[in-house]
Amino acid sequence: MTNSSNCVIAASNIVKVYQNGSEELKVLDDVSIRVLHSDFMAVLGPSGSGKSTLMNILGCLDIPTSGKYYLDGLDVLKASENELADIRNKKIGFIFQKFNLLPRLTALQNVVLPLLYRGIDEEEAMELAREKLTLLGLADRMGHKPNELSGGQQQRVAIARAIVGSPELLLADEPTGNLDSKSSEDAMVIFEELNRQGNTIVIITHDVEVAERVKKLVYIRDGKLYENN
Amino acid sequence: MKLKQLLKMILINISQNKVRTFLTTLGVIVGTATIFMVVAIGKGGEAQVNEQYSRLNVGTIMVMPAQRGRVADPLTAKDAQLFLESQNIAQAFPLLRGNGDINYENYSASAGFAAIQPGFQESNNLVVGQGRALDEEDENKKNRCAVIGAELANTLTDGSPSEIVGRSISINNRKFEVVGIYNRVGDSGSGGSYDDTAFVPYSAGERFLLGARANPTIIAQARDIDAVQSAIEDITASLNENHRAGGAEQFRILDAGSRLVAAQESARTMSMLLLAVAVIVLIVSGIGIMNVMFVTVKERTREIGTLKAIGAKKQEILKQFLIEAVFISLAGGVIGVIAGFLTIPVLKYFELPALSSVSGVLLGLIFSVVTGVFFGFYPAMKAADLSPLEALRYE
Ligand SMILES: Nc1ncnc2c1ncn2[C@@H]1O[C@H](COP(=O)(O)OP(=O)(O)O)[C@@H](O)[C@H]1O
Ligand SMILES: [Mg+2]
């Protein structure tokens, strides 16, 4: 067993079984995955292979049926509900396929939200949020609501929200799934740049073009993880 | 999240659906307004009762004909004298009241008049402001003089009352000399205000104004509160002895204390009934809030998932939805209180006494908040309990 404290993600023998009536569905079958600091990794697999299930477990949104999972040295499976919320707030930045912005809040209000849940002073939080939005080329869109933004812009707001609290890990589930090819390209450029700045990124995707851009690629099929295709 | 930011977010959410929010508040508006009105009517009724009885102390006993109109064997001033034979009775005055046209020079008023014995003035706190009071001599000589209420003096002189003292007025075409004006007492007791009444000596009133129609009331004063019951018994006995046609049966004997209690009781019953209505309205509106909050939670399930994904704790989601429910109901409460304030003049127009009060405002607002908390809690709990994953997946 490797020392888990020097990697961001150290998950071993993760099994996730769904109970569909009397039928058992093993969606993740003995998955082990390690992600080091500043890794830029993609998990590539076809639809239904268990990608989202894996991301939900890695993102502390779901609990595996069995296995071990350390995030930044913390034993996630021993954490309470509130501790999990804290971990999600401070250590993880989520980027969803459908952006998941709050429709009634402006871009700026959306980005500032994770910091507010952290209890950071509003002024300071606003400043950080503005900084990130500007970085992502949205300086003139901060006051816009999601439905006033293009898909690509919405995803950039979502990325700004994910990175605003400087988490240990960025988790993106099909981040380009709802984007046109131009916006997908923009998003990938952003991820590359963020990784260059030292961010640890895990992208979950079924898109080979996305997979080609990352530094480390693993494959998932029928709930099993493979280093090679 | 700090409260200020949470409130900001809640306001954004609420204001997004103004029509629904308003419809949700309607019930709370009605409920809160009702509670406010209950308190207002309660206070108004209480004030009115107290006002009406402020002149009568609790030892006062009124003897009056049991039915309006003619009595076979009416009360007389002599009955008052006879009552005084009882040890339990300190004072007894006959009182005649009537309505008529009162004229002074070019002015005329339709007002009440009262024929009183001199002692009536002190026992009813009637104080002469100008001129003199009615006295024993007036009574004995059946002097055609009058002391009038401040309001009546004002009406008759078109605002310069002092000139009327020493001049004569006519009451139902009978001339009386005004010898004084009473200070304002400001009540609105039954049978018209004393401020709007002309008082004449009893003997003169009996003779010149009412004649054979005289059918007086006797106002007696028990020696003290504990003597009221015995005094009533003595009065009954005296009436039985001196009035052959039916004896005491043909009269009503009321003591101020039990009338006050009865009046207060009925005012309170009214208040309790209205309060019950208000509480039912608030419960119904609370169920409305609960429904709307359930719908809201359902609609925002994915958002709740997102909030949890970015680090919102259970308590924070609970707080958010609970405060949202309280906001809606409190908004209804505030509007309801305002509506209550606006309704008071309408009630006054229909001669329902109503008094706005701080306690009415507070009670209304507290009830609205309690409604929001109570009925908002379960939906908020549902929201807080959502698993982040299930919530994120919700379509
Ligand atoms: N809550 C659940 N209950 C039952 N089956 C589920 C549940 N969530 C996912 N699955 C099943 O698990 C499999 C993998 O799902 P998912 O991880 O979403 O795949 P992917 O994201 O790779 O498309 C699918 O067959 C899906 O139907
Ligand atoms: Mg998926």
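Helix axes that meet at an angle under 35 degrees count as roughly parallel, those over 145 as roughly antiparallel, those from 65 to 115 as roughly perpendicular, and the rest as oblique. With that in hand, the helix pairs of this predicted model are easy to sort.

Take helix H10 (residues 301-309) of chain B and its partner H11(B) to begin with. Their axes come within 10 Å and cross at roughly 140°. An angle like that falls into none of the named ranges, so H10(B) and H11(B) are oblique to each other. The crossing of this pair, H10(B) and H11(B), is right-handed. On the H10(B) side, the contact is made by B:Ile304, B:Leu307 and B:Lys308, while H11(B) brings in B:Ile317, B:Gln320 and B:Phe321. Sorted by class, the contact of H10(B) with H11(B) has 4 nonpolar, 1 polar and 1 charged residues.

H11(B), which covers residues 314-349, also packs with helix H1 (residues 3-16) of chain B. Here the angle is about 60°, and the axes lie 10 Å apart. That makes H1(B) oblique to H11(B), and their crossing is right-handed. H1(B) puts B:Leu3, B:Leu6, B:Leu7, B:Met9, B:Ile10, B:Leu11, B:Asn13 and B:Ile14 into the contact. Facing them from H11(B) are B:Lys319, B:Gln320, B:Ile323, B:Glu324, B:Phe327 and B:Ile328. Going by class, the contact of H1(B) with H11(B) has 10 nonpolar, 2 polar and 2 charged residues. B:Gln320 turns up in the contact with H1(B) and again in the one with H10(B).

Then there is helix H12 (residues 358-385) of chain B, whose axis comes within 7 Å of that of H11(B), with a crossing of roughly 155°. Because angles over 145 degrees count as roughly antiparallel, this is what H11(B) is to H12(B). H11(B) passes H12(B) in a right-handed crossing. As for who takes part, the contact of H11(B) with H12(B) splits into 19 nonpolar, 5 polar and 2 charged residues.

Away from the helix pairs, there is ligand 1 to look at. It has 13 residues around it, and the closest are A:Gly48, A:Lys51, A:Ser52, A:Thr53 and B:Arg393. Since the surrounding residues come from chains A and B, the site is shared between chains. From chain A, a backbone N or O atom of A:Gly48 lies 2.7 Å from an oxygen atom of ligand 1. A:Thr53 uses its side chain instead, with an N or O atom there sitting 2.5 Å from an oxygen atom of the ligand. Chain B joins in through B:Arg393, where an N or O atom of the side chain is 2.9 Å from a nitrogen atom of ligand 1.

Notes
Residues numbered from 1 in each chain as written. Chains lettered and ligands numbered in written order. Predicted model: local features only at pLDDT ≥ 70, side-chain atom pairs only at ≥ 80, totals over all residues. Heavy atoms only, no water. Axes fitted to C-alpha atoms, helices over the stretch in contact; angles between N-to-C directions. Helix = DSSP H or I, 4+ residues; strand = E, 2+ residues; numbered from the N terminus. Left-handed = near helix turned anticlockwise from the far one by under 90°. Contact = heavy atoms within 4.5 Å. Nonpolar A, V, L, I, M, F, W, Y, C, P; charged D, E, K, R; others polar. Near = heavy atom within 4 Å. Polar contact = N/O pair within 3.5 Å; in protein donor to acceptor, adjacent residues only side chain to side chain.
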